[in-house]
Every structure is written in C-alpha cells, then in structure tokens.
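Here is a short briefing on how two copies of a chain are arranged and how they meet. Keep the structure open while you read.

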Number of protein chains: 4
Amino acid sequence: MNSFGKLFKVSVYGESHGNSVGVIIDGVPSGIKIEEDDFTIDLLRRKAGAIGTTTRFEEDVPYLNSGVFNNFSTGSPLMINFLNKNTISKDYTIFKEIPRPSHADFVSEVKYNGFQDYRGGGHFSGRVTVGIVAAGVIAKKITNYKYKTEIINLGGETNKSRFKEILSNLRDEDDSLGGIVEIRVNNLPVGLGEPYFDSVESYISHLLFSVGGVKGVEFGLGFKGVELKGSQFNDMIIDKNGTTKTNNNGGINGGITNGNELVIRVMIKPTPSILKKQETFNFKTNKMDVLNIEGRHDNAIIIRGQVVLEAMVAIALADLTLINNAYKK
Amino acid sequence: MNSFGKLFKVSVYGESHGNSVGVIIDGVPSGIKIEEDDFTIDLLRRKAGAIGTTTRFEEDVPYLNSGVFNNFSTGSPLMINFLNKNTISKDYTIFKEIPRPSHADFVSEVKYNGFQDYRGGGHFSGRVTVGIVAAGVIAKKITNYKYKTEIINLGGETNKSRFKEILSNLRDEDDSLGGIVEIRVNNLPVGLGEPYFDSVESYISHLLFSVGGVKGVEFGLGFKGVELKGSQFNDMIIDKNGTTKTNNNGGINGGITNGNELVIRVMIKPTPSILKKQETFNFKTNKMDVLNIEGRHDNAIIIRGQVVLEAMVAIALADLTLINNAYKK
Amino acid sequence: MNSFGKLFKVSVYGESHGNSVGVIIDGVPSGIKIEEDDFTIDLLRRKAGAIGTTTRFEEDVPYLNSGVFNNFSTGSPLMINFLNKNTISKDYTIFKEIPRPSHADFVSEVKYNGFQDYRGGGHFSGRVTVGIVAAGVIAKKITNYKYKTEIINLGGETNKSRFKEILSNLRDEDDSLGGIVEIRVNNLPVGLGEPYFDSVESYISHLLFSVGGVKGVEFGLGFKGVELKGSQFNDMIIDKNGTTKTNNNGGINGGITNGNELVIRVMIKPTPSILKKQETFNFKTNKMDVLNIEGRHDNAIIIRGQVVLEAMVAIALADLTLINNAYKK
Amino acid sequence: MNSFGKLFKVSVYGESHGNSVGVIIDGVPSGIKIEEDDFTIDLLRRKAGAIGTTTRFEEDVPYLNSGVFNNFSTGSPLMINFLNKNTISKDYTIFKEIPRPSHADFVSEVKYNGFQDYRGGGHFSGRVTVGIVAAGVIAKKITNYKYKTEIINLGGETNKSRFKEILSNLRDEDDSLGGIVEIRVNNLPVGLGEPYFDSVESYISHLLFSVGGVKGVEFGLGFKGVELKGSQFNDMIIDKNGTTKTNNNGGINGGITNGNELVIRVMIKPTPSILKKQETFNFKTNKMDVLNIEGRHDNAIIIRGQVVLEAMVAIALADLTLINNAYKK
C-alpha cells in the first residue's frame with residue numbers, strides 16, 4: 001500500500017505526468033520548527049543536472065499545504081506537494097506493446113489490467129521520490145541523528161576519483177550503471193526496534209526495498225561476514241555505554257540499536273531505461289522486436305537516489321523512535 | 001511489534017524457558033485441509049540433532065488449539081503452540097553482568113530496564129521460530145507456490161561436499177559459522193506486491209530481517225549486479241507470458257512479481273553464543289573480563305534456520321496473495 | 001491517526017484556513033470509471049446555503065491530481081483536493097484565551113501545546129469533511145450498494161414538515177440544534193464483517209464517531225430494543241436467502257451482514273459555535289467571562305453533515321467488501 | 001480481524017468447544033507488576049452462577065504462558081489462555097439446518113462456506129470474551145484510570161431493586177432480556193484521542209461493537225441530547241483545568257478527552273438463544289419450522305457482559321494512552 005508507518009506515517013501519491021506528486025506526513029509532533037528552506041539541501045541532492053542524471057529538470061518547490069502554522073508543526077498532518085511542470089508530451093503507448101526490459105511496464109499492465117497511467121512510468125516513476133525526500137527532511141527534524149551517505153561502488157568501481165570519468169563514458173555508450181550506497185547513522189540511542197517483526201533491519205529494509213531499483217540491503221559486515229567465525233565476528237563490548245571495539249553487527253543486535261554507528265549498504269541496479277537498442281518481446285505482434293527508447297533518463301539513478309535512500313532510513317528511524325518513546329514513561 | 005500481516009496475520013509469543021511458545025495465525029480462509037502431519041517435515045528440518053546443531057532436543061509437537069474443525073480450517077484464527085520441556089535450569093544472571101558480544105543481552109537489558117526474561121535468551125531465543133515454521137506451513141497451504149531452499153555458502157565455503165567436515169571441525173574449535181541461504185520460489189503469478197511501500201522485496205525482507213542473525217538480503221543478482229551495465233543486467237522478455245531470458249531481477253520488477261522464478265539470498269551471521277572464551281565488558285565490575293559461555297548452542301544456526309527463512313518468505317507471499325485477490329473481481 | 005482502512009485506505013489533511021484540504025484514497029481497484037461530475041451531487045448535499053447552514057460558501061471544485069487516467073482509476077492512489085478560497089481573516093486568538101464550550105479549542109491547546117492552527121478550528125473544522133465526501137463517492141463506485149439517508153429527528157422534532165420553521169426560528173435565536181440521521185443501505189451481500197474486532201458495527205461506528213459532533217450510534221432497533229424480550233427481538237428467517245420478517249438487528253448478526261437492510265442511526269449534537277452569548281472560563285484572566293462568538297457558522301450542522309455520515313458508512317463498507325473478497329477464491 | 005490496537009495490541013483465538021481460548025497481549029511496557037490474583041475480581045464478575053446467567057461453569061484459571069517473569073511484565077507479549085473443560089457433547093448440526101434467529105449461525109454458514117466450528121457458537125461464542133477480560137486487567141494496570149460500571153436499564157426497567165425479580169421471572173418464561181450498561185471513567189488526562197479517525201469515541205465504539213449483542217453506543221447525553229439547543233448542551237468551562245459545570249459531552253470534545261468524567265452507555269440486545277420455541281426457516285427442508293433450543297444459556301448476558309465492556313474501554317484507553325505518550329518528549 002502507499003502508506004507506511006505506525007506513528008510517523010507517510011502516504012504518497014502521484015504520477016510522472018500528472019499535475020503534481022506529493023506526500024501526507026502524519027504523526028509529526030507539534031512544535032517542530034519547519035521552514036521551506038529546510039528542504040533545500042536534500043531536494044538539491046535529488047535534483048537532475050549533474051553528470052549521469054536526466055535532463056528533465058523540475059523546479060521542485062515544496063508546497064506546504066497543511067500542518068505548519070507560524071513556522072511550527074501543529075500536530076496535524078503535513079501535506080507537501082510538488083508540481084509537475086516539465087513533462088514532454090509524446091506517445092508512450094509503445095511501452096504497452098514493447099514493455100521495457102527490467103522495468104515495471106509489463107507487470108503494471110497485467111496487475112492493473114491495462115488501466116495504469118503508463119506515461120513516463122506513471123506511479124512507478126522516480127518522480128514520486130521527491131515526496132519521500134520531503135518526508136525524510138521532517139523525519140530528521142524530529143530526531144537528532146547524524147547521517148552520512150555516499151556511493152562506495154559505481155558499476156564495480158570503488159575508487160571515487162574515477163566516478164566522473166565512468167559517468168561520462170556511460171552517456172557516450174547510451175548505457176547505464178548501478179552501484180552501492182552506504183549510509184551511516186550516528187547519535188542513536190540504545191533500544192530502537194521492536195521484536196519480533198519490527199527489528200531495525202526489518203523496518204529499514206522494508207522502506208529501502210520500496211525504492212525502485214534496490215536489489216540488496218545489508219547491515220554491518222553484511223554478506224562479507226560469511227567469511228568470519230563467531231569468535232572473529234562478535235563485537236567485543238569495551239565500556240558501560242555498550243561501545244564495541246569492532247562494529248561487524250552494524251550497530252544492531254537482536255534487531256535493536258546498540259548505540260554504535262548504524263551501517264547500511266544498499267545495492268541499486270543499473271537504470272533499466274537505456275538509449276541503447278535492446279531486443280525484447282512485442283506483445284502486439286507476438287514476436288521478438290527491437291526496442292528503441294528515447295527521452296530523458298538517468299544513466300546512473302544512484303547519483304540522485306542516495307538522498308532518497310537516506311530519507312527512507314530517516315523515516316524508519318523516526319517511526320521507531322516514536323514507538324520506543326511510547327513505552328517509556 | 002509481535003504481529004505481521006494485513007490479511008494473513010501472524011502473532012508470536014513465548015520465551016525459551018517459559019512453558020510454551022506459539023503463534024496465532026489469523027486470516028486463513030475457511031476450507032483448507034489441515035492435519036497435524038502437515039507440520040512434520042518442516043518441523044523436522046528445524047530440529048536439533050544434526051552436526052552443527054544444538055543438543056537441546058524438543059519434541060516439537062504442534063498443538064492446534066483453534067481454527068481447525070474436522071481437519072479443515074474454519075476461517076477463525078489458528079492458535080498453535082509447542083511446549084518447552086527440555087529446559088535446563090541454571091544461573092543465567094551472568095549474562096546480565098557480562099552480556100554476550102553480538103547478542104541481544106545488552107540491548108534488552110537497556111530497552112526493558114532489566115525486566116526481560118533473560119533465561120536462554122528469553123523472547124529473543126531461536127525457540128520462538130518454531131511457531132514461525134508452523135505459520136509457514138499454513139502459508140504454503142493457502143498458496144500453490146513451489147519452494148526450493150538450500151545453503152549455498154557455509155563460512156565462505158561454497159562446495160557443499162565440504163560442509164560436513166567444516167561443521168565437524170567447528171565443534172572441536174568451540175566456534176561458530178554463518179552462511180548464505182538461497183530460496184527459490186516458482187509457480188508465482190504476475191502481479192504480487194503493492195506499490196509504493198509494499199513491494200515484494202519490502203515485504204519479504206521485512207520478515208527475513210526479523211529472524212535473529214540475518215544481516216543481508218538480496219534478490220536476483222543482488223550485490224553482484226553492480227558489475228553489470230544496464231544493457232547486460234536487463235532481462236529480455238521472450239514470450240507473451242513475460243518469461244525472460246535471464247533472471248537478473250530475481251522475478252521482480254517495480255516491486256511486483258513478473259512470473260519468473262523468485263530468487264532470494266539471505267546472509268546469516270555466525271551464531272554469537274560460542275563456547276570459546278571471549279574478552280568483553282563486565283557491567284558489574286565495570287572492567288573488561290573474560291566470558292565463558294556454557295550450555296547447549298548451535299555452531300551454525302543456519303542449518304536449522306533455512307526452513308525458518310523459507311517460512312518467512314511463504315508468510316509474506318501468502319499475505320500479498322490475499323491482498324492481490326482483494327482487488328480482483 | 002489521519003488514515004483509516006486496511007485495503008481501501010483514506011488519509012485526510014488540511015485546515016479551515018490553510019490553502020487547501022484534501023484526501024488520498026488508496027486501494028481503489030483499477031478500471032473504475034471516474035469523472036469530475038461524479039462528485040457533484042454529494043458535494044452539493046454538503047454545501048452551505050440552505051437554511052440552517054453557514055454563509056461561508058466554497059466552490060468545492062474537486063481536483064483529481066492522481067490515480068485517474070483517461071477517466072478510469074489506474075490502481076494508484078487518488079489525491080483529491082479542494083482549495084480554500086473564502087476564508088475571512090480575523091483575530092482567532094480569542095479562542096485560545098476563552099475556549100468555546102463543547103468545542104475542540106481547549107483540548108487542542110493542551111494536546112498540541114498551543115501550536116495548533118486555531119484559525120477557524122484548524123484541522124478540527126468541518127471543512128476537512130469535504131475530502132471525506134469525495135472518498136465516499138469513490139467508495140460507492142467500487143461497490144453496488146444503495147444508500148438512503150435522511151434526518152429523522154431535528155432538535156426533538158420528528159415531523160419533517162416542521163423542520164424548515166424550526167431552522168428559521170433557530171437563526172433568530174442565535175442558537176443551534178442537533179438531530180438524528182438515519183442511513184439505510186440495501187443490496188448488501190451476506191458476509192461482510194471480520195470477527196473478532198472488525199464487526200460491521202465496529203467499522204462503521206469507528207468512522208462515524210470520527211465526525212465532529214457525533215455522540216451516539218445505533219443499529220437496527222438500537223437503544224429502544226431494550227424494551228423487548230428475546231422472543232420479540234429475534235428476527236425470524238423466512239426464506240433461504242436469509243430474509244427476516246422483522247429487522248430488529250438492522251441487517252447484522254454476529255457482526256456480519258445478513259443480507260437484509262442495514263439500518264444505522266447517528267446522533268449529532270447541537271453545533272457548539274453559537275452567536276448567543278455564553279458564560280465560560282477565560283484562561284488569560286483566570287476568571288469566568290462572557291464569550292461572544294462572531295463569524296459564519298451552521299445552526300444545524302446536521303443538514304450538511306448527512307452526506308458526510310453516509311460517506312463514512314460507504315468507506316467502511318468498501319473496505320470490508322475488499323477484505324471479504326480477499327478470502328474468496 | 002482478530003487483532004486490535006496500534007501499540008497495545010490484543011489478539012484473540014478460540015472456540016466455545018475447542019480445548020482452550022485465549023489472548024496475546026502485545027505492547028505491555030516492561031516492569032508492570034502482574035500476578036495471577038490480579039485477574040480474580042474481573043474474571044469473577046464475568047463468571048456464570050448468578051441469576052440470569054448460564055449454568056455452564058468454567059473454572060477460568062488464567063494461564064500466563066509468557067511475558068511475565070518474576071511477577072513483572074518483561075516487555076514481550078503476554079499469552080494468557082483458559083482451558084475449556086465443561087463442554088457438553090451434543091449434536092449441534094441442528095443449527096446448520098435451522099439457524100437460530102438473531103444469531104451468527106446463518107451468516108457464519110455463508111461466510112465460511114459451512115466450515116465454521118458451529119459447536120456452541122464456535123468463535124462467535126461469548127466464551128472468547130474471557131481473554132478480553134484478562135486483557136482489560138492488564139490495560140487497567142498500565143494506566144491509572146478509575147472505572148465504575150453498572151447496569152442502568154434491564155429490559156426497560158431502571159429501578160435496580162427490581163432487577164432480581166425480573167431475572168427470576170425471565171427464567172420461568174424461558175425468555176431473555178437486554179439492557180443498558182453505563183461505564184464511567186475518571187482520572188483521565190486531557191489529550192487522549194488522535195484526529196482525524198481515532199477519536200476517543202471511535203476507538204471505544206470500535207471495541208464495544210465487537211462484543212456480540214451490542215447494538216448501541218453513546219457518549220455523554222447521547223441520543224437524549226437531541227432535545228437540547230446548543231446554549232443548553234454546551235458545557236461551560238469553570239476553571240483552568242478545564243472542569244465543566246455540566247458534562248453533556250461525556251468528557252470528550254473534538255474526539256479528545258477533556259479531563260472530565262468519561263461517560264459511555266452501551267445497549268446490549270436480549271440474548272438470542274432462548275428456550276422458548278421459535279418459528280423460523282429450515283434450510284434443509286426449505287420450509288418454515290419450529291426451533292427448540294436446548295442447552296445452557298444466559299437469560300441476560302448483560303449481567304456477565306458488563307465487565308467485558310469495561311475491559312474493552314480499558315483496552316481502547318491503554319492504546320490511546322501509549323500513542324499519546326509517544327508524541328510527548
């Protein structure tokens with residue numbers, strides 16, 4: 001469903017080529033200072049324009065329609081929307097006939113019996129994530145956690161000084177790349193996360209995997225931890241605050257934050273919409289065909305996607321924080 | 001919280017050393033044939049006794065207390081419980097003073113202000129997963145999907161013929177190992193998964209990460225997919241059913257099943273409770289100390305954990321199937 | 001919270017004097033024909049202008065921002081909003097000092113620590129119900145139930161021919177009245193409602209009591225049924241469809257629709273905002289004071305409220321219908 | 001569904017003639033003192049034996065299977081169950097052929113396609129409420145509210161000194177009666193209740209209407225308030241705590257507690273199972289027939305039902321209290 005959260009609840013709406021996209025954020029405590037400027041940095045991080053990103057450039061002005069009065073949250077839901085101005089009209093029906101490989105075209109055609117808004121990916125478009133970023137900004141304001149987010153792997157390359165060149169070559173090849181984003185969160189209390197089903201990992205992964213293109217999520221050492229024995233993997237506690245010498249568990253034990261740095265890595269697959277020609281099935285002719293995608297697309301959605309993933313983590317932690325508060329006197 | 005699911009809802013209770021553990025399974029359609037024998041195979045897969053597993057041996061007889069009448073589901077909730085018989089009394093307060101590294105001891109002490117049932121890990125014990133396996137059996141019965149689950153990596157080793165030897169050595173070393181489980185599901189329809197937040201990956205990862213020790217989840221190619229370009233990663237559709245030539249997306253596009261094989265990999269960390277001595281913090285003396293864990297523990301919880309992970313996937317898919325049904329006439 | 005529903009989920013936002021109010025409607029099956037005209041009749045029924053209603057007249061044009069494409073629902077959430085144009089600026093801070101009796105002024109001041117948007121009642125304003133009416137229209141379209149709604153008691157008077165005169169006198173007295181609305185629903189299947197907690201009465205009353213001013217809800221004979229013995233109250237079944245001779249249970253047995261007419265009565269209290277002077281407490285002076293309310297208010301909110309209550313019933317039944325569908329093959 | 005609550009979550013299971021009924025109570029903060037004796041008084045209030053109640057006498061010993069350790073809540077879910085010992089075997093299939101009027105027999109036959117456990121009403125039996133009473137006891141312990149519950153109307157009679165005689169006559173007539181229960185709660189803070197959909201009235205009515213036989217719920221003056229004008233109905237605030245001179249709103253404004261006494265009235269219909277012969281439809285012969293109900297039944301379920309209704313109110317208030325806590329620092 002298009003809502004998530006028990007106490008800090010985010011509901012999204014909108015399509016790529018509708019008149020607006022946006023979000024209702026419910027469960028924001030009253031008295032939080034909120035100004036339009038608060039959104040600027042994170043919205044800029046998501047914006048098009050850099051190498052590897054689309055040329056569809058939206059202004060992304062956040063309209064705060066409710067829930068804020070005299071620059072403070074009121075306790076009522078915030079509705080924040082963004083107008084879609086820069087949509088180019090063209091014939092998108094081609095993707096109903098020849099669904100883009102690795103894209104939602106085929107599954108949405110079947111699931112919605114052909115009634116989906118297929119223009120620009122409709123509700124499956126990355127455009128919807130602009131509201132997520134806005135919700136993430138609010139989530140960060142109601143907690144006091146420190147986020148550090150970066151791409152640690154781009155198309156297999158881990159040397160960051162080479163990223164610019166890689167992205168530049170990519171455009172020439174009409175191809176795309178994926179990568180790995182690492183998110184580190186500090187200043188967390190001990191105790192977030194609710195057994196049995198709402199572990200910190202459960203909550204965060206639920207939200208991260210709702211972002212289009214995410215295909216892997218790991219915490220701490222993650223998959224690499226398989227190489228270690230228990231005596232090597234276990235994080236020795238070294239003081240009464242629970243500080244550990246290593247952090248192979250990524251700040252979480254038994255699904256609950258242990259006060260150490262939260263370490264998350266997220267794999268985003270290569271953007272499926274590429275200008276390079278692809279062979280695939282034509283549902284109209286019932287034969288194999290060649291798909292020629294035009295339009296404006298990101299070669300590496302991961303560039304703009306980082307802040308969306310960070311926002312998702314922030315939303316998860318805001319909700320878990322409120323839930324944890326509830327049980328404390 | 002200790003419940004998960006919108007229409008197929010699973011609620012767990014119980015502690016390692018209480019008198020029983022169990023599960024309420026709500027949302028089972030009426031008229032499903034259910035007999036006690038149905039649970040035998042999966043409960044056996046979770047059972048202790050094999051190399052690498054604990055010597056605490058529970059009978060694991062499932063008591064069906066409600067929701068089944070004349071061997072058919074009634075439409076009312078099933079309560080299934082399991083008695084804890086084989087608990088050994090000993091002094092567990094040592095873990096309040098010297099919490100086991102990488103274990104929930106420290107975080108539960110803080111979160112629950114010392115009131116947690118710390119005997120044998122309490123509610124954090126793997127013992128609770130026996131109810132999950134039972135719920136998984138029911139989940140599989142209300143759908144028609146085919147599961148294939150196996151360990152593809154044990155402590156870094158991928159050659160299965162060497163697993164037995166590795167486990168045997170492990171016991172001698174008083175140490176433990178983790179590994180990677182791969183779950184493949186076939187016979188799925190196109191269309192499971194609900195945007196924006198309840199993608200198939202979101203739902204499945206939420207449940208998988210609620211299992212103690214899981215530190216990574218990936219779908220299809222997962223993290224390895226970072227090496228490929230879009231033109232290589234994209235799965236070419238080859239017929240009108242949506243069959244794809246490759247399956248790098250692991251059967252999911254846009255968060256929705258595409259009818260191809262669902263491919264999931266799960267990393268389980270090495271069991272934290274090892275007999276080998278460990279240096280760590282003593283909260284009573286406020287100094288570093290040496291922890292000497294006794295008792296019966298698994299050297300590789302992954303052996304018994306496979307079926308628990310499979311059950312979690314089945315629970316996720318059962319709920320998503322019912323939700324998808326709701327919107328079809 | 002500001003969302004309700006498991007599969008047909010309605011989320012509201014907005015304040016009386018913000019720039020817009022609206023609703024996200026999630027869980028609308030794809031392929032439902034939806035046009036702006038569909039909203040006209042129900043929005044008109046809620047509109048100001050008739051005797052007993054406010055002179056604040058809003059155009060109430062519904063903007064469909066998402067979820068509808070080529071006049072059919074897409075399966076993605078509908079966001080429908082309404083602009084607030086006709087707000088009169090004045091000083092509302094008086095209600096922070098002298099909260100209106102029987103109104104939300106005092107409780108919202110305490111609950112939100114004074115940060116609430118108090119202008120025109122803010123989020124507690126009846127203005128928010130315009131989105132509910134829109135959601136009700138959609139709810140009715142995805143089911144096939146027949147609604148008949150009327151005021152059966154206005155300020156103690158049950159003779160409808162006298163209502164106009166009563167309302168006219170009321171304005172002269174600067175006072176207000178409540179009443180009882182009766183909602184009858186036909187064409188319902190047997191089987192809606194989910195034990196144990198989601199009985200039809202539970203669901204419907206939950207939504208009805210979320211409307212400001214509702215103080216009583218009853219089904220079938222309701223409170224009057226206390227006069228009858230079991231042998232008189234019991235509804236004799238007279239055919240194989242479950243038709244009953246009497247309908248004292250109001251179409252519901254064991255919390256589940258029985259296929260007979262659903263009969264609901266709702267008590268709405270007199271509108272608290274009256275022009276007549278009232279003695280009450282002044283929180284600034286800490287003394288009793290006289291409150292003199294100005295502005296535009298309804299003398300009998302029940303007139304415009306009927307369609308809101310009907311919408312709430314429709315929303316409840318739409319969700320229960322989808323849930324019931326889910327468990328049928 | 002068979003669960004209710006966001007943070008204080010109650011899940012029920014069980015049938016009248018199964019081996020046990022019970023409840024999982026999730027979201028109990030750790031450190032609450034809980035002993036088996038705590039349940040004695042409320043379970044006694046629900047017990048059979050008094051005039052007007054059934055002769056089926058169950059011991060109702062509460063088994064605390066989890067969540068309590070050393071007499072304190074642990075923070076993990078409580079599972080409390082009760083054995084069904086005193087079930088009399090007989091042929092209940094008669095109610096599949098001739099469903100009892102006003103009972104769940106017919107609707108459950110249709111909804112569950114004949115697979116329901118029909119013995120003694122199965123999951124629809126009042127037997128399930130024993131777990132609700134246990135959950136209510138816990139709910140009261142985590143809050144500090146004062147409850148006063150009484151029958152104010154029995155079969156139309158409001159003079160309590162006549163109740164005993166009425167019940168006695170009823171048994172002779174093989175008939176049944178309903179009545180009205182009034183629940184008053186004191187010591188409440190200002191601020192419980194969450195707009196828009198989770199008003200105090202919404203939450204409480206949702207739970208009350210899930211009890212079999214409840215057909216009306218009102219707050220404060222309720223339906224009688226229809227006789228008053230706004231100037232008469234409005235509750236004048238008389239001090240800075242928000243104390244009001246009258247309490248026509250029953251302690252709630254805008255869906256939020258205002259600190260005054262909470263006043264709730266609940267109508268319970270006459271018990272449908274009566275020994276008196278009734279004419280009704282026979283689904284086997286497809287003709288009208290005479291139903292002759294035997295067995296042990298309450299003539300006035302309201303006697304034992306009072307404490308169940310009180311428990312439901314307590315459950316609602318416990319959840320709303322935890323939610324309200326969450327948003328306070």
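The copies meet through the same surface, because 100% of the interface residues of chain C are also interface residues in chain B. This is a predicted model. The points below take the interface and then the symmetry.

**Extent of the interface**
- Eight residues of chain C are in contact with nine residues of chain B.
- About 930 Å² is buried between chain C and chain B. Carbon and sulfur atoms account for 63% of that area.
- On the chain C side, the most area is lost to chain B by C:Leu7, C:Ala326 and C:Tyr327. Together these residues make up 56% of what that side buries.

**Chemistry of the interface**
- Zero salt bridges are found across the interface of chain C and chain B.
- Four residue pairs are in polar contact between chain C and chain B, counting pairs with both residues at pLDDT 80 or more.
- The side of chain C that touches chain B has six nonpolar residues, two polar residues and no charged residues.

**Symmetry**
- Two copies of a chain are related by a rotation about an axis and a shift along it.
- Here, a turn of 180° and a shift of 0.0 Å along the axis lay chain C on chain B, with an RMSD of 0.0 Å. That is the relation of a two-fold axis.
- Which residue of chain C comes closest to the rotation axis? The residue is C:Ala326, with its C-alpha at 1.9 Å. C:Ala326 is also one of the residues of chain C that lose the most area to chain B.

Key. Residues are numbered from 1 along each chain as its sequence is written. Chains are lettered from A and ligands numbered from 1 in the order in which they are written. This is a predicted model: local features need pLDDT of at least 70, side-chain atom pairs count only at pLDDT 80 or more; totals for chains, interfaces and linings use all residues. Side-chain values use heavy atoms; hydrogens and water are left out. Copies are superposed by least squares on the C-alpha atoms of residues with pLDDT of at least 70 in both. Contact means heavy atoms within 4.5 Å. Buried area is the accessible area (1.4 Å probe) that two parts lose on being put together, summed over both. A salt bridge is a side-chain nitrogen of Lys or Arg within 4 Å of a carboxyl oxygen of Asp or Glu. A polar contact is a pair of N or O atoms within 3.5 Å; within protein, one must be able to donate a hydrogen and the other to accept it, and residues adjacent in sequence count only if both atoms are side-chain atoms. Ala, Val, Leu, Ile, Met, Phe, Trp, Tyr, Cys and Pro count as nonpolar, Asp, Glu, Lys and Arg as charged, and the others, Gly among them, as polar.
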